[in-house]
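Colleague: Could you zoom in on one charged pair for me and say how each partner sits relative to the surface? After that, please walk me outward from there to whatever surrounds that part.

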Amino acid sequence: MALHVDIDYPEMLALIARTVYEELELEVPDNERRGVVAFRVAEKVRITHGGGAPYIQKGDAYEKAKKYRAIYAAFNGSNLAAVARKFNLTEMRVRQILAEIDLEKRVLSRIKPGVDLVELASEFGISITRARRIKSNPLCGDEPQTQDLFV
């Protein structure tokens, strides 16, 4: 292994460097080069975000949305039992997920500029917080919303 950090290098930054180093294993076969790149990434994080207390999310909502999209895509209207088995869920849970996505599709179809989210939430019997979440980060759709990080 060719990742070297000082003994007093911050633990979280060393963890980031090690994670990058391991992830680059297939892309960068040269251990020395991989170590240099991993350390540079950790240093960039230190310089850019050091001094703060960044919270790294577990990404549960992201994983949930990915799974729900896959369930919705797999369901063809007559394969409920097969979808439940494939995703290791009960048929009832699959029905609930499908209903949740159908509700979101209906809510999204009504969200237009100038539409009052309070009225919309009331109309669909959901909380305003949920209406905002649906608007900003819907579970439904073939592909998740993306953002360009390098513009």
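Modeller: Let's start with Glu 43, which counts as buried because its relative accessibility is 16%, and the cut-off for buried is under 20%. Keep in mind that this is a predicted model. The partner of Glu 43 is Arg 46: their side chains meet in a salt bridge, with 2.7 Å from N to O. Is Arg 46 buried or partly exposed? Arg 46 has a relative accessibility of 36%, so it counts as partly exposed. That gives you a charged pair with one buried partner, Glu 43, and one partly exposed partner, Arg 46.

Now, why are these two about one helical turn apart? Because Arg 46 and Glu 43 both belong to helix H2 and are three residues apart in it.

You can find a similar spacing elsewhere. The structure holds six salt bridges, and two others are handy to put beside this one. Glu 63 pairs with Lys 66, their closest N and O atoms being 3.9 Å apart. These two sit in helix H3, again three residues apart, or about one turn of the helix. Here Glu 63 is partly exposed at 43% relative accessible area, and Lys 66 is partly exposed too, at 39%. Then there is Glu 91 with Arg 95, where the closest N and O atoms are 3.8 Å apart. This time the partners are four residues apart in helix H5, so about one helical turn separates them. Glu 91 comes out partly exposed at 35%, as does Arg 95 at 41%.

Back to helix H2, residues 31-49, because there's something else to see there. H2 supplies five residues to the lining of the largest pocket, the largest share of that lining. H1 also takes part, since H1 and H2 each supply at least two of the lining residues. The pocket has a volume of about 350 Å³ and 15 lining residues in total, with Ile 16, Val 45, His 49, Pro 54 and Ile 56 lying nearest its centre.

Follow Ile 56 and you get to the surface as well: together with Met 12 and Leu 15, Ile 56 makes a nonpolar patch of about 300 Å². Met 12 has its place in helix H1, residues 11-23. How can Met 12 be part of a surface patch? With a relative accessible area of 48%, Met 12 is partly exposed, so it passes the patch cut-off of over 30%.

That patch makes a nice contrast with a general habit: in soluble globular proteins, nonpolar side chains tend to be buried together. For that side of the picture, look at the largest nonpolar core, which has 12 residues, including Tyr 68, Phe 87, Ile 97 and Leu 139. Helices H3 (60-74), H4 (80-86) and H5 (91-110) each bring at least two residues to this core, and H5 gives the most, with four. Apart from it lies another core of 11 residues, with Leu 3, Tyr 9, Ala 17 and Val 28 among them.

Technical notes:
Residues numbered from 1 in each chain as written. Predicted model: local features only at pLDDT ≥ 70, side-chain atom pairs only at ≥ 80, totals over all residues. Heavy atoms only, no water. Patch = residues over 30% accessible without salt bridge, like charges linked within 9 Å, V, L, I, M, F, W, Y side chains within 5 Å. Areas by Shrake-Rupley, 256 points an atom, 1.4 Å probe, with all protein chains shown as cover. Salt bridge = Lys/Arg side-chain N within 4 Å of Asp/Glu carboxyl O. Buried < 20%, exposed > 50% of the residue type's maximum accessible area, 1.4 Å probe, protein only. Core = buried A, V, L, I, M, F, W, Y, C linked by side-chain atoms within 4.5 Å. 1 Å grid on protein atoms, 1.4 Å probe; cavity = no way out; pocket = protein on both sides within 12 Å on 5 of 7 lines; lining within 4 Å. Points joined across faces, edges and corners; volume = space filled by probe spheres on them.
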